[in-house]
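Ready for some practice in reading a protein fold? Have a look at the sequence and the 3D view, and then work through the exercises below with pencil in hand.

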Amino acid sequence: PSRTLPRRSAWPAVQIGNAVYWRRSEFELLEHVTVPINKVLVAACADEQSRQHFGRGAQVAVVVALRHRRRGLPLVALCTHLGCTFTEPWTQIAQAHAAFSAACELAARHGGCGVVAGCDLNSIPGSGVHRLLTSGSLPHSHPHMAIVAEHVAFPSLGPPPPSDSACSSERAVTLP
């Protein structure tokens, strides 16, 4: 049976969209998570000015856990579109962390399966987003971690990694 969206959306002001499509004959849906990125970041901020900064935008991530019907193996698929805030790379890093952390957590709930991402990251090789997603962490010393917005602090995105010699005693951004 086909699914239709309800008339009253939980996202009435959303102007961008993300979707994950799969063949029902090949994959079974195990779990679905929608990540309201700005709300996740606001909840992680300690002060009002930071909440206002990271609460901007309507970015979401769609994350699904699927099982391959024939092989019985799970996988997680993620779709998101990060803001094109090129002059605020720390904002993109925080958005990427929120989206990909949700995907990593969903994968952990389904046996540590792989994550497949189809995203518009608005980033380039060498950027903070690229480094975070290709290595799993980003040292505080990376130039894209320098916040130049007055009175804005980076959200608390979880515990620091067990050891990160590149950032000495300062926090790094690490995916679960």
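Here come five exercises, each with a worked solution.

Before you start, note that this is a predicted model, where local features need pLDDT of at least 70, side-chain atom pairs count only at pLDDT 80 or more, and totals for chains, interfaces and linings use all residues. Residues are numbered from 1 along each chain as its sequence is written, and side-chain values use heavy atoms, with hydrogens and water left out.

**Exercise 1: the overall plan**

Task: Work out how many helices and strands the protein has, and write down their order.

Solution:
- Step 1. Take helices as DSSP runs of H or I with at least four residues, and strands as runs of E with at least two, both numbered from the N terminus.
- Step 2. Count them up: you get four helices and six strands.
- Step 3. Starting at the N terminus, read off the order β-α-α-β-β-α-β-α-β-β.
- Step 4. Now check burial, where buried means under 20% relative accessible area, exposed over 50%, and partly exposed in between (1.4 Å probe, protein chains only). Of the 176 residues, 38% are buried.
- Step 5. Last, look at contacts, meaning heavy atoms within 4.5 Å. Take those between residues at least 6 apart in sequence: 68% of them join residues at least 24 apart.

**Exercise 2: the aromatic pair**

Task: Find the aromatic pair, and explain which parts of the chain the pair ties together.

Solution:
- Step 1. Know what to look for: a pair of aromatic rings is described by the distance of the centres and the angle of the planes.
- Step 2. Apply the cut-offs: rings of Phe, Tyr and Trp (its six-membered ring) pair if their centres lie within 6.5 Å, and planes under 30 degrees apart count as stacked, over 60 as edge-to-face and the rest as tilted.
- Step 3. The structure holds one such pair. Phe54 and Phe154 sit 6.1 Å apart, centre to centre, with 85° between the planes, and that is edge-to-face.
- Step 4. Place the partners: Phe54 belongs to helix α2 (residues 48–54) and Phe154 to the loop between β5 (137–138) and β6 (173–174), so the pair links parts that are 100 residues apart in sequence.
- Step 5. Compare burial: Phe54 is buried at 2% relative accessible area, while Phe154 is partly exposed at 21%.

**Exercise 3: the nonpolar cores**

Task: Which elements give two or more residues to the largest nonpolar core, and which gives the most?

Solution:
- Step 1. Recall the idea: in soluble globular proteins, nonpolar side chains tend to be buried together.
- Step 2. Use the rule that a nonpolar core is a set of buried Ala, Val, Leu, Ile, Met, Phe, Trp, Tyr and Cys residues joined through side-chain atoms within 4.5 Å.
- Step 3. The largest core has 31 residues, and Val63 and Val76 have the most contacts inside it.
- Step 4. The elements you want are α1 (37–44), β2 (60–68), β3 (74–81), α3 (89–109) and α4 (128–135). The top giver is α3, with eleven residues.
- Step 5. Don't miss the second, separate core: it has six residues, among them Val20, Val64, Leu66 and Cys79.
- Step 6. Zoom in on Val76: leaving aside neighbours within four places in sequence, its contacts include Val63, Ala103, Leu106 and Val115.

**Exercise 4: two packed helices**

Task: Describe how α1 and α3 pack.

Solution:
- Step 1. Two packed helices are described by the angle between their axes and the distance between the axes.
- Step 2. Here the angle is about 105° and the axes are 9 Å apart. (Axes are lines fitted to C-alpha atoms, for helices over the stretch in contact, and angles run from 0 to 180 degrees between N-to-C directions.)
- Step 3. That makes α1 roughly perpendicular to α3. (Under 35 degrees counts as roughly parallel, over 145 as roughly antiparallel, 65 to 115 as roughly perpendicular and the rest as oblique.)
- Step 4. Ile37, Val40 and Leu41 of α1 meet Ala94, Gln95, Ala98 and Ala99 of α3.

**Exercise 5: two residues in helices**

Task: Are His97 and Val129 buried or exposed, and what do they touch?

Solution:
- Step 1. His97 lies in helix α3, and at 5% relative accessibility it is buried.
- Step 2. Beyond four places in sequence, His97 is in contact with Leu132, Leu157, Val173, Thr174 and Leu175.
- Step 3. Val129 is in helix α4 and is buried too, at 2%.
- Step 4. Not counting residues up to four places away, Val129 touches Leu82, Gln92, Ile93, Ala96, Leu121 and Ser123.
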